[in-house]
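Subject: Structure handover

Hello,

Please find the structure below, with its sequence. My notes on what was found in it follow.

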Amino acid sequence: MVNVLWLATEASAEEGFGLNLDLLDTNLINLGILIVVLIYFGRGFIGKILSERRATIEQAIKEAEKRQQEAASALAAQQQKLTQAQVEAETILATAETRAQEVKQKIEQQAEQDIERMKATASQEMDSERDKAIAQLRSIVASKALAQVESRLKETLDENAQQQLIDRSLGLLGGQS
């Protein structure tokens with residue numbers, strides 16, 4: 001390698017073929033040569049890579065569009081199902097409200113009937129209790145009246161008056177038969 005560098009520097013000193021190591025002079029020329037070589041030899045290779053990349057991107061775009069369409073159709077289907085579910089929910093809610101009103105009315109009617117029945121039962125019980133109380137009072141009054149009459153009779157009736165009363169009662173009974 002040292003020999004190649006020595007030859008290159010010696011040749012350039014003699015104005016012949018060799019390497020010019022001055023960066024400012026050779027940099028632009030080297031870049032131009034590199035670009036020409038890349039364009040000439042790399043056109044097919046780079047073109048092939050770019051066309052493959054383009055095809056890959058186009059395929060990805062097509063797949064993305066297809067997925068977007070599928071998602072849009074799925075969204076539309078789900079929105080339709082949601083709409084149907086909302087309509088069904090509203091129908092169920094309306095039916096439930098109607099049924100609740102009917103049940104409420106039936107319960108109110110049943111409560112009114114129960115109240116009327118309770119009032120009638122209470123009235124009957126009150127009448128029955130009143131009749132019992134009246135009968136009890138009559139019995140007490142009659143007992144007291146009989147006791148009072150017996151005590152007066154015992155005071156006013158002596159043995160002769162009792163015998164006459166018995167005879168008269170037997171006579172009345174005997175005369176009817």
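To begin with one side chain: Asp114 is partly exposed, at a relative accessible area of 23%. Bear in mind that this is a predicted model, and every value here was computed from it.

Asp114 has a partner. Its side chain makes a salt bridge with Arg117, and the closest N and O atoms are 2.5 Å apart. The two residues are separated by about one helical turn, because they sit three residues apart in helix H2.

Salt bridges

How many salt bridges does a search of the whole structure find? The search finds five. Besides the one between Asp114 and Arg117, two others are described here.

- Asp127 and Arg130 are joined by a salt bridge with an N to O distance of 3.5 Å. Both residues belong to helix H2 and are three residues apart, about one turn of the helix. Asp127 is partly exposed at 31% relative accessibility, and Arg130 is also partly exposed, at 48%.
- Lys132 and Glu129 are joined by a salt bridge as well, at 4.0 Å from N to O. They too are three residues apart in helix H2, so about one helical turn separates them. Glu129 has a relative accessibility of 48% and counts as partly exposed.

Overall fold and confidence

The protein chain contains three helices and zero strands. Read from the N terminus, the order of elements is α-α-α. Helix H1 covers residues 2–13 and helix H2 covers residues 23–156.

The mean pLDDT of the protein chain is 84, and 84% of the residues reach at least 70. Which helix has the lowest confidence, and which the highest? Helix H1 is lowest with a mean of 55, while helix H2 is highest at 90. Where pLDDT is low, the predicted coordinates should not be read in detail. The salt bridges described above lie in helix H2.

Surface

Of the 177 residues in the protein chain, 2% are buried. The accessible surface of the chain is about 16300 Å², and carbon and sulfur atoms account for 60% of that.

Which residues form a nonpolar patch on the surface? Ile29, Ile33, Val37, Tyr40 and Phe41 do, and together they have about 580 Å² of accessible area. One of them, Ile33, is located in helix H2 and is partly exposed at 49% relative accessibility.

Record annotation

UniProt, in an unreviewed entry, lists residues 28–46 as "transmembrane region". In the model, this stretch is 100% helix and 0% strand. The C-alpha atoms at the two ends of residues 28–46 are 23 Å apart. The annotation comes from the record, whereas the helix content and the end-to-end distance were computed from the model.

In short, the items to look at in the viewer are the nonpolar patch that includes Ile33, the listed residues 28–46, and the salt bridges of Asp114 with Arg117, Asp127 with Arg130 and Lys132 with Glu129.

Regards

Technical notes: Residues numbered from 1 in each chain as written. Predicted model: local features only at pLDDT ≥ 70, side-chain atom pairs only at ≥ 80, totals over all residues. Heavy atoms only, no water. Helix = DSSP H or I, 4+ residues; strand = E, 2+ residues; numbered from the N terminus. Buried < 20%, exposed > 50% of the residue type's maximum accessible area, 1.4 Å probe, protein only. Areas by Shrake-Rupley, 256 points an atom, 1.4 Å probe, with all protein chains shown as cover. pLDDT = per-residue confidence, 0-100. Patch = residues over 30% accessible without salt bridge, like charges linked within 9 Å, V, L, I, M, F, W, Y side chains within 5 Å. UniProt positions renumbered as here; feature names shortened; annotations may be inferred.
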